[in-house]
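Notebook open, coffee poured. Today I'm looking up pockets and helix packing, and I'll jot things down as I go.

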Amino acid sequence: YPAREVGGDLYDFFFMDDTHLCFAVGDVSGKGVPAAFHMAITKMLIKTKATQGLSPEVILKRVNEDLSLDNPTMMFVTVFLGVLDVRTGELVYCNGGHLSPYILRADGRVDVLATTEGMALGVDEDFIYQSRSVTLQEKDTVFVYSDGVTEAADARHELFGAHRLTAALQGLSGLPLKTITDSVLAAVKTFAGDEPQADDITMMVVRYHGETF
């Protein structure tokens with residue numbers, strides 16, 4: 001949901017091969033057409049690197065190098081990138097300065113995914129990114145989002161914040177994926193009331209269906 005006619009958030013998901021699903025959510029600094037243009041370039045670079053079968057940290061490292069080489073406007077982009085092995089449930093991920101996703105566990109728990117402490121892309125071409133991994137259990141769900149969710153403000157200029165997002169996600173585990181995004185968006189809009197949307201809102205939900213997928 002862009003805040004203007006065009007947005008600077010990016011999202012993508014695709015299979016790198018028969019068993020590895022790559023998915024990414026990002027947020028470009030700035031608004032409008034320049035941000036949208038930078039977003040399109042970043043999205044293209046991510047897919048180009050990922051389809052070479054590279055690991056998440058190498059993908060972000062190489063995309064960061066490309067974005068940093070010719071960046072006269074000093075725009076940067078935060079990116080969370082994950083690669084899910086649909087056979088085993090292993091999720092290998094790298095976070096380039098983005099908000100940490102949540103895992104909605106099949107048993108109802110809501111956990112925050114551990115950070116990899118990466119820097120936004122386009123700032124330092126020599127930055128070394130690191131990956132981490134977590135094993136999803138059958139029906140575990142990953143919720144990835146942009147800061148348009150948590151930084152939505154009400155009339156008193158109070159932000160929706162991570163604590164309200166955590167509360168909004170409680171009880172949503174196992175529900176249809178669209179129900180999860182619709183429920184969170186409804187909570188954000190109820191909180192903001194008549195205040196105009198100040199930033200792009202992006203949400204992606206990925207559920208692991210187990211070895212029978």
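**Entry 1: the second largest pocket**

I started with the second largest pocket, which has a volume of about 250 Å³. Keep in mind that this is a predicted model. I listed the residues around this pocket and got 16 in the lining; Ala 192, Glu 195, Pro 196, Gln 197 and Ala 198 are the closest to its centre. Which element gives the most to this lining? I checked, and it's H5, with four residues. Sorting the lining by class, I wrote down nine nonpolar, two polar and five charged residues.

**Entry 2: the largest pocket**

Next I looked up the largest pocket, and its volume comes to about 500 Å³. It is lined by 24 residues, and the ones closest to the centre are Tyr 11, Phe 13, Thr 202, Met 203 and Met 204. I wanted to know where the lining comes from. Strand S1 (9-15), H1, helix H5 (177-192) and strand S9 (203-207) each supply at least two residues. S9 gives the most here, with five residues. By class, I noted 14 nonpolar, five polar and five charged residues in the lining of the largest pocket. H5 turns up in my notes for this lining and for that of the second largest pocket, so I followed H5 next.

**Entry 3: H4 against H5**

A reminder to myself: two packed helices are described by the angle between their axes and the distance between the axes. For helix H4 (residues 161-169) and H5, the angle is about 135 degrees and the axes are 10 Å apart. That angle makes H4 oblique to H5. The crossing of these two is right-handed. Who meets whom? On the H4 side I found Arg 164, Leu 165, Ala 168 and Leu 169, and on the H5 side Ile 180, Val 184, Ala 187 and Phe 191. This contact has seven nonpolar residues, one charged and no polar ones.

**Entry 4: H1 against H2**

H1 was also on my list for the largest pocket, and I looked up its packing with H2. Helix H1 (residues 32-50) and helix H2 (residues 56-69) pack at about 140 degrees, with their axes 9 Å apart. Are they parallel or oblique to each other? The angle of about 140 degrees makes H1 and H2 oblique, because only angles over 145 count as roughly antiparallel. H1 and H2 cross in a right-handed way. From H1, the residues in contact are His 38, Ile 41, Thr 42, Leu 45, Ile 46, Lys 49 and Ala 50; from H2, they are Ile 59, Arg 62, Val 63, Asp 66 and Leu 67. I sorted this contact too: seven nonpolar, two polar and three charged residues.

How values were computed. Residues are numbered from 1 along each chain as its sequence is written. This is a predicted model: local features need pLDDT of at least 70, side-chain atom pairs count only at pLDDT 80 or more; totals for chains, interfaces and linings use all residues. Side-chain values use heavy atoms; hydrogens and water are left out. Axes are lines fitted to C-alpha atoms, for helices over the stretch in contact, and angles run from 0 to 180 degrees between N-to-C directions. Angles under 35 degrees count as roughly parallel, over 145 as roughly antiparallel, 65 to 115 as roughly perpendicular and the rest as oblique. A crossing is left-handed if the near helix is turned anticlockwise from the far one by less than a right angle, and right-handed if clockwise. Contact means heavy atoms within 4.5 Å. Ala, Val, Leu, Ile, Met, Phe, Trp, Tyr, Cys and Pro count as nonpolar, Asp, Glu, Lys and Arg as charged, and the others, Gly among them, as polar. On a 1 Å grid over the protein atoms alone, a cavity is a set of points where a 1.4 Å probe fits but cannot get out, and a pocket is an open set with protein on both sides within 12 Å along at least five of seven lines; lining residues have an atom within 4 Å of a point. Grid points are joined across faces, edges and corners, and a volume is the space filled by probe spheres set on the points.
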